[in-house]
Protein chains: 4
Amino acid sequence: MAELRAAVLEANLLLPRYGLVTLTWGNVSGIDRAAGVMVIKPSGVPYERLRADDLVAVALDGTVVEGRLRPSSDTDTHLQLYRNFPDIGGVVHTHSTHATAFAQAGREIPVLGTTHADLAPLAVPVARALSEAEVADRYEESTGTILVEAVGDQGPARVPAVLAPGHGPFAWGADPRAAVEVAATLEEVARMALLTYQLAPGTGPLPAHVRDKHFSRKHGPGATYGQGGGPHDPVAGSGGG
Amino acid sequence: MAELRAAVLEANLLLPRYGLVTLTWGNVSGIDRAAGVMVIKPSGVPYERLRADDLVAVALDGTVVEGRLRPSSDTDTHLQLYRNFPDIGGVVHTHSTHATAFAQAGREIPVLGTTHADLAPLAVPVARALSEAEVADRYEESTGTILVEAVGDQGPARVPAVLAPGHGPFAWGADPRAAVEVAATLEEVARMALLTYQLAPGTGPLPAHVRDKHFSRKHGPGATYGQGGGPHDPVAGSGGG
Amino acid sequence: MAELRAAVLEANLLLPRYGLVTLTWGNVSGIDRAAGVMVIKPSGVPYERLRADDLVAVALDGTVVEGRLRPSSDTDTHLQLYRNFPDIGGVVHTHSTHATAFAQAGREIPVLGTTHADLAPLAVPVARALSEAEVADRYEESTGTILVEAVGDQGPARVPAVLAPGHGPFAWGADPRAAVEVAATLEEVARMALLTYQLAPGTGPLPAHVRDKHFSRKHGPGATYGQGGGPHDPVAGSGGG
Amino acid sequence: MAELRAAVLEANLLLPRYGLVTLTWGNVSGIDRAAGVMVIKPSGVPYERLRADDLVAVALDGTVVEGRLRPSSDTDTHLQLYRNFPDIGGVVHTHSTHATAFAQAGREIPVLGTTHADLAPLAVPVARALSEAEVADRYEESTGTILVEAVGDQGPARVPAVLAPGHGPFAWGADPRAAVEVAATLEEVARMALLTYQLAPGTGPLPAHVRDKHFSRKHGPGATYGQGGGPHDPVAGSGGG
């Protein structure tokens with residue numbers, strides 16, 4: 001548990017370092033699957049003051065298990081993702097600038113280049129809109145539900161991030177750091193996609209054979225990227241290297 | 001008074017840290033309502049050299065009460081805001097890049113996403129143009145007047161910032177730091193709005209039920225964001241957390 | 001002369017600090033009018049290694065007076081500006097991103113807001129193209145000539161910067177630091193103008209009465225900005241404060 | 001060899017310093033022509049943890065000569081460039097934002113200004129697409145092949161960088177640092193070109209006489225830029241100075 005707290009703390013501190021947050025707008029969680037307990041950032045605490053024992057431990061049913069502070073207001077969204085994706089170990093939510101612009105525009109991010117294909121073989125989708133009833137009752141949990149729906153049969157390994165419409169990105173990975181690396185990759189992929197559309201509005205997706213080559217270089221049993229050593233290797237992110 | 005000076009100094013130093021200023025183009029003030037005295041940045045002094053005793057104390061009628069330096073050239077605008085909004089405790093003016101671009105374009109910033117809705121439930125308006133007479137006589141005070149007019153009946157809690165046309169943003173809050181957090185949020189919201197329009201020029205506002213849910217999570221008696229502990233908690237800014 | 005060297009060194013070091021240069025693409029000079037000697041950055045030396053005795057002293061006729069290194073390749077452009085504008089004390093050339101984009105597009109930067117009006121009451125002009133003969137013979141001096149032509153009768157105080165077409169900005173001021181502050185203001189004004197056009201392509205100039213009010217607040221005998229104390233006060237830059 | 005390792009390490013560390021990489025997406029190599037051995041970054045290792053003895057030495061035929069880590073996944077692309085361009089001493093690959101946007105858009109970067117002309121007298125080309133067979137078999141080597149084809153008869157001194165379509169930029173120079181300076185210049189030139197097109201979509205290339213003047217000031221026997229002292233002098237980059 002101390003190890004998980006340390007990993008979640010470190011991953012939260014990567015958010016300002018990677019330029020993914022303004023003020024306190026972002027949160028990372030991690031999970032101890034054996035214990036069925038998630039550790040998450042407390043609500044509204046600045047990153048520079050955040051300490052491991054400020055983090056809040058919450059059971060999968062939402063009960064606070066440990067912690068003197070209120071958990072992130074997005075806690076129920078994180079829990080819904082952990083309940084539905086048993087293989088993920090970390091979740092992150094940010095309002096990173098370019099990914100949020102796509103979310104506000106209601107546009108998915110297609111695979112326009114190998115940077116994206118190194119991360120995922122599919123477009124990053126926009127979830128459906130929430131109904132008035134879903135917003136009125138269990139808003140945060142419902143947000144998790146529409147993210148899960150957007151992932152669908154493809155599964156969270158092939159769809160490692162989804163845009164909540166009018167809101168912003170949620171991302172996940174094998175552990176908290178891997179989730180943050182997905183979020184950092186997503187933001188850069190979104191920025192490049194926006195610039196690509198400015199240069200050539202009708203740009204189509206990368207040819208399938210290049211896309212699949214890049215995804216398979218970094219993910220799955222035949223991966224040749226990195227040093228073959230664990231959850232961060234191959235790096236869950238993207239790009240050449 | 002020493003406490004107010006410290007708070008105003010700290011808030012001014014946040015301006016370069018949050019990337020809201022070039023050179024010396026920005027100023028923050030705070031007010032001691034009991035004493036009827038505002039403390040504000042002196043004119044043209046670089047942030048890295050600014051010290052608490054450089055700040056200038058000015059009575060609500062404009063009389064300099066304490067200080068060896070000239071107060072900010074925008075002093076009379078700040079005073080006009082304090083006179084008309086008795087509940088605010090801090091005011092900030094910047095030329096932050098994207099908010100200023102909206103001011104120069106004469107376009108309000110609509111509520112395109114939850115980042116904005118976490119800050120305010122309404123578009124950030126553009127004040128009306130000043131007449132030649134208003135510019136010739138009491139220009140700075142008149143600037144305050146058109147900001148107050150743009151806030152109108154909605155009040156400064158629901159309209160925490162206004163764009164002076166062709167000029168730039170003014171923002172306010174419960175205290176100097178809260179005002180700067182509004183200014184930082186506004187700049188990021190403006191940047192995201194501009195990028196959203198590049199992706200989808202006709203983007204409409206966020207559905208009202210999502211907008212109101214987010215605003216009420218962070219503001220007012222039912223707020224669930226933050227640790228419930230004071231003027232900065234819930235954070236006056238915006239975004240998830 | 002040691003004082004001038006120190007001022008020119010400090011002003012060159014502001015270029016990377018203000019984000020105005022990539023690699024070694026920028027140079028600042030200053031002049032000792034009594035001695036008729038200009039001090040300028042040597043060619044191709046990185047800012048982090050630059051020392052006061054690396055700077056090169058050049059007489060107004062182009063003769064190197066002191067220094068073991070080659071002066072900037074733009075030396076003859078600086079000299080031409082000093083010869084034609086007897087009241088300026090510092091010159092700077094950069095390839096700052098947004099000002100250079102306007103130069104490459106061949107578009108002047110109109111006065112779209114008060115940030116610009118605080119700097120200058122007129123559009124920042126684009127100089128005319130150089131003829132083949134002017135490029136073949138005395139290219140750098142000819143570049144100075146077209147800048148002087150673009151300033152014309154308005155004079156260098158009202159036109160503190162000009163864009164060399166397809167090239168980038170040159171700026172000047174009372175001393176080297178003031179020139180760099182003009183260059184920093186120009187880059188930010190160019191960035192804001194580009195973003196303003198993205199939001200509202202047909203944006204017209206600021207009304208003349210607002211423009212003149214802002215220019216006169218910061219420049220000339222009736223200036224009310226700053227602490228009234230010297231060449232950097234009022235700050236030669238721009239913006240509120 | 002220790003000297004080459006030091007040079008390659010230093011050049012890799014310039015990538016994050018110049019803002020050319022996200023996470024681990026970029027790699028630099030250098031070559032010892034006498035030994036026929038290339039030294040390159042290992043795959044997936046973060047720059048802040050990279051040490052000289054982490055670098056991998058690879059013979060020109062692809063055999064790993066020295067090193068305990070896997071070389072960059074782009075190793076065969078680097079080797080193909082060294083085999084075909086006997087005069088280059090350093091190669092760099094990044095996914096830098098704006099150059100990658102041009103690669104994704106499939107658009108070459110024309111010579112729109114002197115910043116570009118200081119680097120190269122020609123547009124930075126986009127290589128042709130790879131066939132399915134080339135992607136399936138020896139993908140990385142084939143990527144090198146299409147880069148070499150895009151350089152063609154002009155040679156690598158006049159075409160110091162090429163965009164791999166849908167992928168990103170590759171650049172080269174006399175040594176590893178010179179290659180990184182080309183990559184940094186290319187990214188800034190790409191950014192300026194994109195902004196220029198936003199201001200004036202139909203902007204044509206710089207007049208040939210200005211373009212050739214700038215290229216010849218910095219490259220070749222008549223170069224007048226820099227201090228005339230070695231491979232970094234004149235600086236292989238671009239821009240005034």
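A salt bridge here is a side-chain nitrogen of Lys or Arg within 4 Å of a carboxyl oxygen of Asp or Glu. The views below come from a predicted model, in which local features need pLDDT of at least 70, side-chain atom pairs count only at pLDDT 80 or more, and totals for chains, interfaces and linings use all residues. Residues are numbered from 1 along each chain as its sequence is written, chains are lettered from A and ligands numbered from 1 in the order in which they are written, and side-chain values use heavy atoms, with hydrogens and water left out.

**View 1. A:Arg17 and D:Glu48 form a salt bridge.**
Let's start with a pair whose closest N and O atoms are 3.1 Å apart. This pair crosses between chains: A:Arg17 sits in helix 1 (residues 2-17) of chain A, and D:Glu48 in the loop between strand 2 (37-40) and strand 3 (56-59) of chain D. Helices (H or I, at least four residues) and strands (E, at least two) are DSSP runs, numbered from the N terminus. Are these two side chains buried or exposed? A:Arg17 is exposed, at 53% relative accessible area, and D:Glu48 is exposed too, at 59%. For these labels, buried means under 20% relative accessible area, exposed over 50%, and partly exposed in between (1.4 Å probe, protein chains only). As a reminder, side chains of opposite charge can pair when their charged atoms come close.

**View 2. A:Arg217 and D:Glu140 meet in a buried pair.**
Here the closest N and O atoms of the salt bridge are 2.7 Å apart. The partners again belong to two chains, with A:Arg217 in helix 8 (residues 208-218) of chain A and D:Glu140 in helix 6 of chain D. Both A:Arg217 and D:Glu140 are buried.

**View 3. Chain D meets chain A across an interface with 3 salt bridges.**
Stepping back from the single pairs, 39 residues of chain D are in contact with 38 residues of chain A, where contact means heavy atoms within 4.5 Å. About 3,100 Å² is buried between chain D and chain A, 54% of it on carbon and sulfur atoms; buried area is the accessible area (1.4 Å probe) that two parts lose on being put together, summed over both. There are also 17 residue pairs in polar contact between these chains (both at pLDDT 80 or more). A polar contact is a pair of N or O atoms within 3.5 Å; within protein, one must be able to donate a hydrogen and the other to accept it, and residues adjacent in sequence count only if both atoms are side-chain atoms. Which elements give two or more residues to the side of chain D that touches chain A? They are strand 1 (26-32), helix 3 (97-105), helix 5 (132-136), helix 6 (139-151) and helix 7 (176-199) of chain D. Helix 3 of chain D gives the largest share, 7 residues. By class, that side of chain D has 14 nonpolar, 18 polar and 7 charged residues. In this count, Ala, Val, Leu, Ile, Met, Phe, Trp, Tyr, Cys and Pro are nonpolar, Asp, Glu, Lys and Arg are charged, and the others, Gly among them, are polar.

**View 4. D:Glu10 and D:Arg177 pair inside chain D.**
The side chains of D:Glu10 and D:Arg177 meet in a salt bridge (2.7 Å, N to O). D:Glu10 lies in helix 1 (residues 2-17) of chain D and D:Arg177 in helix 7 of chain D, so the pair ties together parts that are 167 residues apart in sequence. D:Glu10 is partly exposed, with 38% relative accessible area, and D:Arg177 is partly exposed at 22%. Over in chain A, a network of salt bridges links A:Glu10, A:Arg177 and A:Glu181.

**View 5. Chain B and chain C are related by a four-fold axis.**
A rotation of 90° with 0.0 Å of shift along its axis superposes chain B on chain C (RMSD 0.0 Å), which is the relation of a four-fold axis. The copies are superposed by least squares on the C-alpha atoms of residues with pLDDT of at least 70 in both. In chain B, the C-alpha nearest the axis belongs to B:Gln198, 5.7 Å from it. The copies use different surfaces, as 3% of the contact residues of chain B recur in chain C. Between chain B and chain C there are 3 salt bridges, one of them joining C:Arg17 and B:Glu48 (3.1 Å, N to O).
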